[in-house]
Amino acid sequence: MYKALDTKNIDIGILVNNVGQLILNMENQDDDDVMKMTGLNTIAQFGMTKILIKDLRSRLHKSAIIDMSSIAALCRRKEGLLYSASKLPLIPIYSARRTRI
């Protein structure tokens, strides 16, 4: 899904995972648009982490991953129902990752 990055000559210390796309009215969107939005909002952050995790771990105490979701995951509104639903799974996963990494 994601291509490997050549990070040999790049000193990466912080990965900021902050990505999102909002579809306000799901009734007017085709299924492909909805799938792209949910994939971007949920899975893209894991793809970038997977690509860079080895480099970040090798920097022992000199690296960080900052994961950002959205308050919409907790405060759902009908206008952004799909967006809220796509951000909600990130919260417990971030919590688990904090203890693992």
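Accessible areas here come from the Shrake-Rupley method with a 1.4 Å probe. Keep that in mind as you work through these exercises on a predicted model.

**Exercise 1. Get to know the chain as a whole.**
Find which elements the protein chain contains, in what order they come, and how much surface the chain offers.

*Solution.*
- Step 1: Start with the elements, which come to three helices and two strands.
- Step 2: Read them from the N terminus, and the order is β-α-β-α-α.
- Step 3: Turn to the surface: the accessible area is about 7,400 Å², and carbon and sulfur atoms hold 57% of it.
- Step 4: Look inside as well, where 28% of the 101 residues count as buried.
- Step 5: Finish with the contacts between residues at a separation of 6 or more; 70% of them link residues 24 or more positions apart.

**Exercise 2. Put the two strands together.**
Work out how β1 and β2 run relative to each other, parallel or antiparallel, and which residues stand opposite each other.

*Solution.*
- Step 1: Locate β1 at residues 14-17 and follow its four bridges to β2; the two strands run parallel.
- Step 2: Match the partners: Val16 stands opposite Ile66, and Asn17 stands opposite Asp67.
- Step 3: Add the helix. Together with α1, residues 31-58, the two strands make a β-α-β unit that is right-handed.

**Exercise 3. Sort the faces of β1.**
Decide which residues of β1 lie on its covered face and which on its uncovered one.

*Solution.*
- Step 1: Recall a general rule: in a regular strand, side chains alternate between the two faces of the sheet.
- Step 2: Apply this to β1, where Leu15 and Asn17 belong to the covered face, while Ile14 and Val16 belong to the uncovered one.
- Step 3: Follow the uncovered pair outward. Ile14 and Val16 join Ile66 and Met68 in a nonpolar surface patch with about 340 Å² of accessible area together.
- Step 4: Place Met68, which sits in the loop between β2 (64-67) and α2 (81-87). Its relative accessible area is 35%, so Met68 is partly exposed.

**Exercise 4. Compare three residues.**
Determine whether Lys87, Val19 and Ile71 are each buried, partly exposed or exposed.

*Solution.*
- Step 1: Note the cut-offs: buried means under 20% relative accessible area and exposed means over 50%, with partly exposed in between.
- Step 2: Take Lys87, a residue of helix α2. Its relative accessibility is 0%, so Lys87 is buried.
- Step 3: Take Val19, in the loop between β1 and α1. Because its relative accessibility is 25%, Val19 is partly exposed.
- Step 4: Take Ile71, in the loop between β2 and α2. With a value of 60%, Ile71 is therefore exposed.

**Exercise 5. Trace the surroundings of Lys87 and Val19.**
Leaving aside neighbours within four places in sequence, list which residues Lys87 and Val19 are in contact with.

*Solution.*
- Step 1: For Lys87, the contacts are Val19, Gly20, Asn41, Gln45, Ser69, Ser70 and Ala73.
- Step 2: For Val19, they are Leu40, Asn41, Ala44, Gln45 and Lys87.
- Step 3: Check some distances between C-alpha atoms. Val19 and Ser70 lie 51 residues apart in sequence and 9.7 Å apart in space. Ile71 and Leu88 are 17 residues apart in sequence, with 9.1 Å between them in space.

Methods. Residues are numbered from 1 along each chain as its sequence is written. This is a predicted model: local features need pLDDT of at least 70, side-chain atom pairs count only at pLDDT 80 or more; totals for chains, interfaces and linings use all residues. Side-chain values use heavy atoms; hydrogens and water are left out. Buried means under 20% relative accessible area, exposed over 50%, partly exposed in between (1.4 Å probe, protein chains only). Contact means heavy atoms within 4.5 Å. Patches are made of residues with over 30% relative accessible area and no salt bridge: like charges are joined within 9 Å, nonpolar side chains (Val, Leu, Ile, Met, Phe, Trp, Tyr) within 5 Å. A salt bridge is a side-chain nitrogen of Lys or Arg within 4 Å of a carboxyl oxygen of Asp or Glu. Two strands pair if DSSP finds at least two bridges between them. A crossover is right-handed if, with the strands pointing away from the viewer, the path from the first strand over the helix to the second runs clockwise.
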